[in-house]
Amino acid sequence: MAPRVRRSTLALAVLSLLAEAPMHPYRMQQLIRERKKDSVVNVGQRASLYKAIDRLERAGLARVRETTRDRRWPERTVYELTPAGREVLREWLADALAARQREFPEFPAALSFLALLTPEEALVQLERRQVAVKADLAALEGSSRAAVAASIPRLFLVEDEYRAAVMRAELRWLARVIGDLRAGRLTWSEEWARQYSSEAGPG
């Protein structure tokens with residue numbers, strides 16, 4: 001019985017690329033970067049890509065189609081999607097689109113421990129984040145305008161639309177919290193936080 005593969009954005013990307021055509025890992029990494037999908041799929045380490053392909057192969061979702069040899073290049077293994085891989089790909093896509101997953105991003109986790117900083121320290125760091133998000137949003141909007149000018153269909157840009165919408169929402173939230181910190185409407189002290197935690201109890 002083939003092992004089940006835990007869904008990941010990298011495994012999803014590999015199966016999606018193999019659904020287009022058989023290809024070798026270097027080409028997969030190249031296409032992910034060319035299509036700017038590395039903003040949503042982490043392909044920084046090629047070893048991670050090879051591990052993902054290995055897991056998919058062991059699970060019967062991908063298989064070796066051929067191994068090419070050329071004196072100018074190292075040996076390259078070309079992979080292809082299996083019928084089971086195509087079925088799992090469609091299941092993963094449907095579930096990832098429809099269901100909210102329990103994710104644990106770092107920023108909300110840091111916010112949950114905000115009381116360990118002073119209000120002044122928190123203000124400085126959130127202002128830095130605000131600048132960074134604005135810069136990322138401007139870069140994304142510039143890239144999107146260039147894509148539209150190049151007549152790239154909207155279908156292939158919807159993830160950028162979503163990311164831009166999330167950034168705009170975060171900027172609105174950051175502006176409110178930063179404003180409240182500056183005005184003193186949101187404030188605390190170490191003593192107050194310690195007392196509140198003590199009164200709230202371990203539960």
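Author: Helices are DSSP runs of H or I with at least four residues, strands are runs of E with at least two, and both are numbered from the N terminus. By this rule Gln130 is found in helix 6. The model is predicted, so local features need pLDDT of at least 70 and side-chain atom pairs count only at pLDDT 80 or more, whereas totals for chains, interfaces and linings use all residues. Residues are numbered from 1 along each chain as its sequence is written, and side-chain values use heavy atoms, with hydrogens and water left out.

Reader: Why is Gln130 called buried?

Author: The relative accessible area of Gln130 is 14%. Buried means under 20%, exposed over 50% and partly exposed in between, with a 1.4 Å probe and protein chains only. Gln130 is therefore buried. Not counting residues up to four places away in sequence, Gln130 touches Leu171, Leu174, Ala175 and Ile178, where contact means heavy atoms within 4.5 Å.

Reader: Why does Ser144 count as partly exposed?

Author: Ser144 also lies in helix 6, which covers residues 119-149. Its relative accessibility is 22%, a value that falls between the two limits, so Ser144 counts as partly exposed. From C-alpha to C-alpha, Ser144 is 37 Å from Thr68 in space, and the two are 76 residues apart in sequence.

Reader: Why does His24 count as buried, and what is it in contact with?

Author: His24 has its place in the loop between helix 1 and helix 2. Its relative accessibility is 15%, under the 20% limit, so His24 counts as buried. Leaving aside neighbours within four places in sequence, His24 is in contact with Arg76, Thr77 and Val78.

Reader: What makes a set of residues a nonpolar core, and which residues have the most contacts inside the largest one?

Author: Such a core is a set of buried Ala, Val, Leu, Ile, Met, Phe, Trp, Tyr and Cys residues joined through side-chain atoms within 4.5 Å. The largest has 27 residues, and those with the most contacts inside it are Val14, Leu15, Leu18, Met28, Leu56, Leu61 and Trp92. Two or more residues each come from helix 1 (9-20), helix 2 (25-34), helix 3 (46-58), strand 2 (73-81) and helix 4 (83-98). Helix 1 gives the largest share, eight residues. Another core, of 15 residues, lies apart from it and includes Leu123, Leu137, Met167 and Leu174.

Reader: What makes helix 1 oblique to helix 4?

Author: Two packed helices are described by the angle between their axes and the distance between the axes. Helix 1 and helix 4 pack at about 125°, with their axes 10 Å apart. Angles under 35 degrees count as roughly parallel, over 145 as roughly antiparallel, 65 to 115 as roughly perpendicular and the rest as oblique. The value lies in none of the named ranges, so helix 1 is oblique to helix 4. On the helix 1 side the contact is made by Ala11, Leu12, Leu15, Ser16 and Ala19, and on the helix 4 side by Gly85, Arg86, Val88, Leu89, Trp92 and Leu93.

Reader: How do you know that Glu159 forms a salt bridge with Lys37?

Author: A salt bridge is a side-chain nitrogen of Lys or Arg within 4 Å of a carboxyl oxygen of Asp or Glu. The closest N and O atoms of Glu159 and Lys37 are 2.5 Å apart, so the pair meets the rule. The pair links distant parts of the chain, 122 residues apart: Glu159 is in helix 7 (residues 158-183) and Lys37 in the loop between helix 2 and helix 3. At 24% relative accessibility, Lys37 counts as partly exposed. The count by this rule comes to 14 salt bridges.

Reader: What separates Asp54 and Arg58 in helix 3?

Author: Asp54 and Arg58 are four residues apart, which means about one helical turn. Their side chains meet in a salt bridge at 3.0 Å, N to O. Asp54 has a relative accessible area of 35% and is therefore partly exposed.

Reader: Why does Lys36 count as exposed?

Author: Lys36 has a relative accessibility of 52%, over the 50% limit, so it counts as exposed. Its place is in the loop between helix 2 and helix 3. Lys36 has a positive phi of about 65° although it is not a glycine.

Notes: Axes are lines fitted to C-alpha atoms, for helices over the stretch in contact, and angles run from 0 to 180 degrees between N-to-C directions.
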